[in-house]
Each structure stands twice: as C-alpha cells, then as structure tokens.
Protein chains: 2
Amino acid sequence: MNDRPYHHGSLRTTLLDEAERTLREHGLEALSLRDLARQAGVSHAAPRRHFADRQALLDALAEAGFVRLDDEMRKTIDRTGQDYEARLQAVAAGYVRFATRDAALLELMFGAKNAKDVEPPDTLRAAAERVFTAFGDLIGQGQRAGVLPPGDPERLRLLLLATLQGIAALVTSGRVQPGQVDPLIADAIALFTHRQR
Amino acid sequence: MNDRPYHHGSLRTTLLDEAERTLREHGLEALSLRDLARQAGVSHAAPRRHFADRQALLDALAEAGFVRLDDEMRKTIDRTGQDYEARLQAVAAGYVRFATRDAALLELMFGAKNAKDVEPPDTLRAAAERVFTAFGDLIGQGQRAGVLPPGDPERLRLLLLATLQGIAALVTSGRVQPGQVDPLIADAIALFTHRQR
DNA sequence: ACCTGAACACCGTTCAAGT
DNA sequence: ACCTGAACACCGTTCAAGT
C-alpha cells in the first residue's frame with residue numbers, strides 16, 4: 001500500500017472503476033472525490049489532473065455507461081436469431097437489467113439533476129446518440145419485418161424507450177419485483193406488436 | 001428581518017415551502033439544510049426540531065409531493081366529462097406535467113437514491129399508495145367502459161405508469177421537447193386502447 | 001417547546017510547491 | 001506531466017445552554 005510510486009500510472013481508470021463500484025453499491029450521495037483519492041492511495045488533490053471537478057467525473061461515468069450499454073445491446077442483437085420478437089424481448093430485458101443494476105449510473109446518464117444549467121460534453125452526447133441509434137435500427141427492423149406497425153419510427157422509438165425507462169424506474173423504486181419484469185416487458189411488447197392478450 | 005421573534009411560529013412549513021422551491025429551481029444538489037435555515041432567518045440547528053436529519057426533510061418533501069399529485073389527479077378526473085379517452089389523456093398529461101415541472105421532486109418521490117438501505121416512513125408509503133390507487137381506479141373505469149382491454153388491471157396499471165414515467169424522464173433529460181409530449185401521450189394511449197393509427 | 005452557538009468531522013476547490 | 005499539502009469556504013450533525 002505504501003510502496004506505491006509517486007506516479008500512480010493509471011489513476012484515471014482506477015478512479016473511474018472505483019467510482020462506478022461505489023455508485024452501484026452505495027449511490028450517488030456516497031460518491032466523494034476525496035474518498036476515491038483515498039482508496040486509490042493518492043492525495044485528495046490528485047484527481048484534479050484527470051477531472052476538472054466532480055461534474056467532470058460524473059460526465060465521464062455517464063459516458064462510460066453509454067458505451068457499455070451500447071456494447072451490451074449490440075452483443076444481445078448479435079446473439080439472438082432471426083425471430084424479431086425474441087430479439088426485441090431480449091434487448092428490452094437487457095436494457096431494463098442494465099437500468100436496474102446500475103440505477104444511479106442511469107440517473108447520471110439521463111442527467112436529471114445535472115441538467116440544471118450545464119451542457120453535457122460532446123463525447124457524452126455522442127455516446128448517448130449511439131445507443132439511441134441502435135434503438136432506432138431495432139425499430140426499423142421490426143417495421144420491415146411487419147411485426148411493428150408502420151408509421152413514424154421516431155415516435156415508436158421514443159415510446160419503446162419511455163416504456164423501458166419507466167419499467168426500470170418502477171423496479172428501482174421497489175414497486176415492481178424483479179420477477180415481474182419479463183412478463184411486464186412481454187406485455188409492453190404485445191402492445192407494440194398489436195397482439196391481443 | 002432582525003425583528004423576528006425568538007419563536008418562528010411556522011418554521012416547518014416555511015422550510016418545506018422553501019425547500020420545494022429550491023428543489024424545483026436548482027435541483028437536489030443545491031438543497032442544504034443550513035441554507036434553508038438561513039433563508040428562514042433561524043440558526044442552522046433550528047431545523048433539527050422539525051426534521052431529524054436531511055433525509056427526514058426529503059421524505060417530508062416526497063410525501064407532500066404525492067399528496068399534491070393525488071390532489072391534482074382527482075381534480076383532473078372531476079373536471080373531465082364522460083369521454084373516457086379524453087379523461088385518460090388529461091390525467092396522463094397532468095401526470096407528465098407534474099413529473100417534468102418537478103423532476104427533482106419526482107426523483108425524491110420515487111426514491112431512486114435514498115432507497116439504498118433506508119426504509120421510507122409509513123406516511124410516505126401511504127401517500128404514494130393513494131396515487132397508485134387512483135391510477136388503478138382509472139384503469140378499472142376504462143375496462144368497464146370497454147375502452148381498455150380486459151385482463152389483469154394490475155398489469156395495465158403498471159404499464160401505463162411506466163410509460164408516463166418514461167415519457168417524463170425523456171422530457172427531463174431533454175430528449176423529447178415539451179411540445180412533443182401530448183402527441184406522444186396520445187400515441188401511448190392509442191397503444192393501450194388498441195386503436196391503430 | 002423551541003431555538004442558539006460552538007464544535008466536530010466531513011466535503012469540493014484552489015494553488016504554490018515538490019518530483 | 002503528475003502529484004502533494006496547506007488553506008478556504010462550505011456541509012450535516014451533535015449538544016450544552018439559553019428563552
């Protein structure tokens with residue numbers, strides 16, 4: 001512990017990893033720059049070199065979150081076969097799982113509280129964009145497959161995103177049990193595909 | 001300012017009102033007990049008599065939020081006529097308006113971050129319950145009117161709630177413009193009522 | 001019953017100085 | 001280029017004491 005060299009070497013990565021863990025296990029309130037520095041074995045002012053301020057760290061976390069979510073989504077799409085409804089169900093379930101496992105991170109990603117007057121950096125916006133594009137592609141596939149109704153794909157995309165986001169919020173707040181998630185998603189998809197149940 | 005009596009008289013209410021305003025205008029981060037005390041013209045330790053700690057104030061805010069939301073919902077229901085779809089649209093729009101106007105408050109109400117290990121007080125749970133019951137009633141009306149599909153009303157209620165919560169989240173995060181809200185809600189309701197568009 | 005004032009242990013942020 | 005240490009202005013929380 002004390003034989004650490006003067007230069008940490010990978011402080012930025014260490015801070016981000018540790019921050020993501022703290023966020024997941026103890027929430028945003030518990031995330032302190034001084035504490036992260038302590039865990040990394042550097043002085044409290046050292047993080048300053050890598051993150052201008054606390055918000056910069058949070059933005060970096062959000063961006064990494066979008067990158068990971070995008071990754072997971074694309075992997076899920078690759079893994080599923082040609083059955084569109086099964087694919088949609090899998091992607092939706094994956095999204096909700098991410099959102100509930102990393103609820104505090106998702107809040108950061110959707111910036112409810114930081115969006116007061118500060119603009120998110122371009123790299124964060126771009127990472128978010130990629131996720132939304134992936135959702136758009138998924139909608140397009142469904143429409144071409146005739147499983148989703150025709151019409152403005154943008155509206156369908158927003159509606160699907162809203163539904164998943166909402167289901168995740170209900171789980172996070174304890175109003176829906178994790179076991180209810182998959183049937184709830186199936187219900188939601190049934191609405192979209194106009195299959196009566 | 002300085003001619004204030006030793007006993008404030010209505011400190012609790014003053015603190016809550018001021019806190020709600022701060023929450024709306026500057027977000028949760030900006031909410032400090034010491035600052036509230038300062039604005040109320042009392043010492044920083046005075047709020048302690050009314051709120052055991054910061055979390056107790058946040059819980060009280062959340063509870064007041066549920067009470068107000070419940071109030072608004074019931075008023076909206078009373079105001080609308082017999083056209084069920086119009087009523088549903090009005091209630092949904094009202095919910096989303098509340099959620100976007102008081103986004104930080106809604107986060108408190110749905111306790112994403114405080115739900116780490118602390119249990120919310122009974123009064124808060126009860127206030128939340130009343131809102132969810134109102135939603136359940138609304139679903140029941142729709143099913144009896146034959147506008148909503150039959151089947152488990154609980155699932156429909158969760159799905160509707162999730163959709164509205166999700167739409168609000170998209171607005172709050174700036175991914176949906178306020179002007180897009182009403183059409184988006186209309187789209188969502190159309191899905192529920194199985195009207196093709 | 002309600003509020004004050006001092007005290008304690010934390011923060012984020014800044015900046016001159018060290019390696 | 002990267003990190004330290006002291007300093008500053010804030011927090012929430014506690015508690016003896018005042019009215």
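A:Asp102 and A:Arg24 form a salt bridge in this predicted model. Their closest N and O atoms are 2.7 Å apart. Side chains of opposite charge can pair when their charged atoms come close. Between domain 1 and domain 2 of chain A, the count is 2 salt bridges. Residue pairs in polar contact number 4 across this boundary, with both partners at pLDDT 80 or more. Helix H1 (11-26) and helix H2 (33-40) of chain A each provide at least two residues to the side of domain 1 that touches domain 2. H1(A) gives the most to that side, with 6 residues. By class, the domain 1 side divides into 8 nonpolar, 1 polar and 3 charged residues.

The domain assignment of chain A places residues 1-51 in domain 1 and residues 54-192 in domain 2. The contact takes 12 residues from domain 1 of chain A and 13 residues from domain 2 of chain A. The C-alpha centres of the two domains of chain A lie 29 Å apart. About 1200 Å² is buried between domain 1 and domain 2 of chain A. Carbon and sulfur atoms give 73% of that area. On the domain 1 side, A:Leu23, A:Arg24 and A:Leu28 lose the most area to domain 2 of chain A. Together these three residues account for 43% of what that side buries. A:Arg24 thus appears both in this group and in the salt bridge with A:Asp102.

Helix H1 of chain A also holds a salt bridge of its own. A:Glu25 pairs with A:Arg21, the closest N and O atoms being 3.4 Å apart. Both residues lie in H1 of chain A, 4 residues apart, about one turn of the helix. Over all chains, a search of the whole structure finds 28 salt bridges.

The interface of chain B and chain A was examined next. Here 40 residues of chain B are in contact with 41 residues of chain A. The two chains bury about 3600 Å² between them. Of this area, 65% is on carbon and sulfur atoms. B:Leu159, B:Arg175 and B:Leu191 supply 18% of the area that chain B buries against chain A. No other three residues of chain B supply more.

Charged pairs also cross the interface of chain B and chain A, where the rule finds 4 salt bridges. B:Arg155 forms a salt bridge with A:Asp187, and the closest N and O atoms are 3.3 Å apart. Another 2 entries are residue pairs in polar contact, both partners being at pLDDT 80 or more. Five helices of chain B each supply at least two residues of the side that touches chain A: H1 (11-26), H5 (103-109), H6 (122-144), H7 (153-172) and H8 (181-193). H7(B) gives the most to this side, with 12 residues. The chain B side has 19 nonpolar, 10 polar and 11 charged residues.

The relation between the copies was then computed. A rotation of 180° with 0.0 Å of shift along its axis superposes chain B on chain A. The RMSD is 0.0 Å. The two copies are therefore related as by a two-fold rotation axis. Of the interface residues of chain B, 100% are also interface residues in chain A, so the copies meet through the same surface.

Definitions and conventions: Residues numbered from 1 in each chain as written. Chains lettered and ligands numbered in written order. Predicted model: local features only at pLDDT ≥ 70, side-chain atom pairs only at ≥ 80, totals over all residues. Heavy atoms only, no water. Domains from an automatic or database assignment. Contact = heavy atoms within 4.5 Å. Buried area = accessible area lost by both parts, 1.4 Å probe. Salt bridge = Lys/Arg side-chain N within 4 Å of Asp/Glu carboxyl O. Polar contact = N/O pair within 3.5 Å; in protein donor to acceptor, adjacent residues only side chain to side chain. Nonpolar A, V, L, I, M, F, W, Y, C, P; charged D, E, K, R; others polar. Least-squares fit on C-alpha atoms with pLDDT ≥ 70 in both.
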